[in-house]
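I opened this notebook to record what I looked up in one model and what I found at each step. The entries follow the order in which I went through the chain.

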Amino acid sequence: MARKRAKLQCPTCKKAVKKVDADFPFCSERCRSVDLGKWASGAYVVSSPVTDGDEEAVESILRHREEND
Ligand SMILES: [Zn+2]
């Protein structure tokens, strides 16, 4: 029976990343910045408006996205 192993990829450049990487789920700080930049420019649709506590909101969204993988 084949064991299902989730593929971990940098959301920005799709390069393989390890959970132990400091910048996980990104492969590098640069890719993390690029992804956060997408959030800021509205490339992603957020269901609820982000007001105060932006960082906290983004973190919860990222957590949620991880759970859906
Ligand atoms: Zn990357």
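In which helix is Lys 38 found? I looked this up before anything else, and Lys 38 is found in helix α1. I am working from a predicted model, and I read each value below as computed from that model.

**Entry on the fold.** I counted the secondary structure elements and noted 2 helices and 0 strands in the protein. Of its 69 residues, 16% count as buried, and the accessible surface that I noted comes to about 6000 Å², with 51% of that surface belonging to carbon and sulfur atoms. When I turned to contacts between residues at least 6 apart in sequence, I found that 12% of them join residues at least 24 apart.

**Entry on the zinc site.** I then asked which residues coordinate the zinc ion. The ligands are Cys 10, Cys 13, Cys 27 and Cys 31, each through its SG atom, at 2.3 Å, and along the chain these donors follow the spacing C-x2-C-x13-C-x3-C. Within this set, Cys 10 and Cys 31 link distant parts of the chain, for Cys 10 lies in the segment before α1 (29-41) and Cys 31 in helix α1, 21 residues apart. I checked the geometry as well: the 4 donor atoms subtend angles of 106 to 119° around the zinc ion, and the arrangement is therefore tetrahedral, since four donors count as such if all angles lie between 85 and 135 degrees.

**Entry on the cysteines.** Are the ligands at the two ends of that link buried or exposed? I found both Cys 10 and Cys 31 buried, and for Cys 31 the relative accessible area is 3%, so this residue falls under the 20% limit for buried. Cys 27, by contrast, counts as partly exposed because its relative accessibility is 23%. I also searched for disulfides, and the count came to 0.

**Entry on the backbone.** I next went through the backbone with one expectation in mind, namely that most residues other than glycine have a negative phi and most peptide bonds are trans. Against this I noted a cis peptide bond joining Phe 24 and Pro 25, with omega about 5°, and I placed Pro 25 in the segment before α1. Lys 14 is also located in the segment before α1, and its phi is near 65°, a positive value in a residue other than glycine. Lys 14 counts as exposed because its relative accessibility is 51%, where the cut-off is over 50%.

**Entry on charges.** How many salt bridges does the count give? The count comes to 1, and I identified the partners as Arg 32 and Asp 23, whose closest N and O atoms are 3.6 Å apart. Arg 32 has a relative accessible area of 27%, so I recorded this residue as partly exposed.

**Entry on helix α1 and Thr 12.** Last, I returned to the helix of the opening question and compared two of its residues with Thr 12. Ser 33 is found in helix α1, and its C-alpha atom is separated by 9.4 Å from that of Thr 12, 21 residues apart along the chain. For Lys 38 and Thr 12, 26 residues apart along the chain, the C-alpha separation is 9.8 Å. Ser 33 counts as partly exposed because its relative accessibility is 46%, and Lys 38 counts as partly exposed at 28%.

Methods. Residues are numbered from 1 along each chain as its sequence is written. This is a predicted model: local features need pLDDT of at least 70, side-chain atom pairs count only at pLDDT 80 or more; totals for chains, interfaces and linings use all residues. Side-chain values use heavy atoms; hydrogens and water are left out. Donors are N, O and S atoms within 2.8 Å of the metal (3.2 Å for Na, K and Ca); water is not among the atoms, so sites may look incomplete. Four donors count as tetrahedral if all angles lie between 85 and 135 degrees; four count as square planar and six as octahedral if opposite donors are over 155 degrees apart and all others between 65 and 115; anything else is irregular. Helices (H or I, at least four residues) and strands (E, at least two) are DSSP runs, numbered from the N terminus. Buried means under 20% relative accessible area, exposed over 50%, partly exposed in between (1.4 Å probe, protein chains only). Contact means heavy atoms within 4.5 Å. Accessible areas come from the Shrake-Rupley method with a 1.4 Å probe; for residues, only the protein chains shown count as cover. A salt bridge is a side-chain nitrogen of Lys or Arg within 4 Å of a carboxyl oxygen of Asp or Glu. A disulfide is a pair of cysteine sulfur atoms within 2.5 Å.
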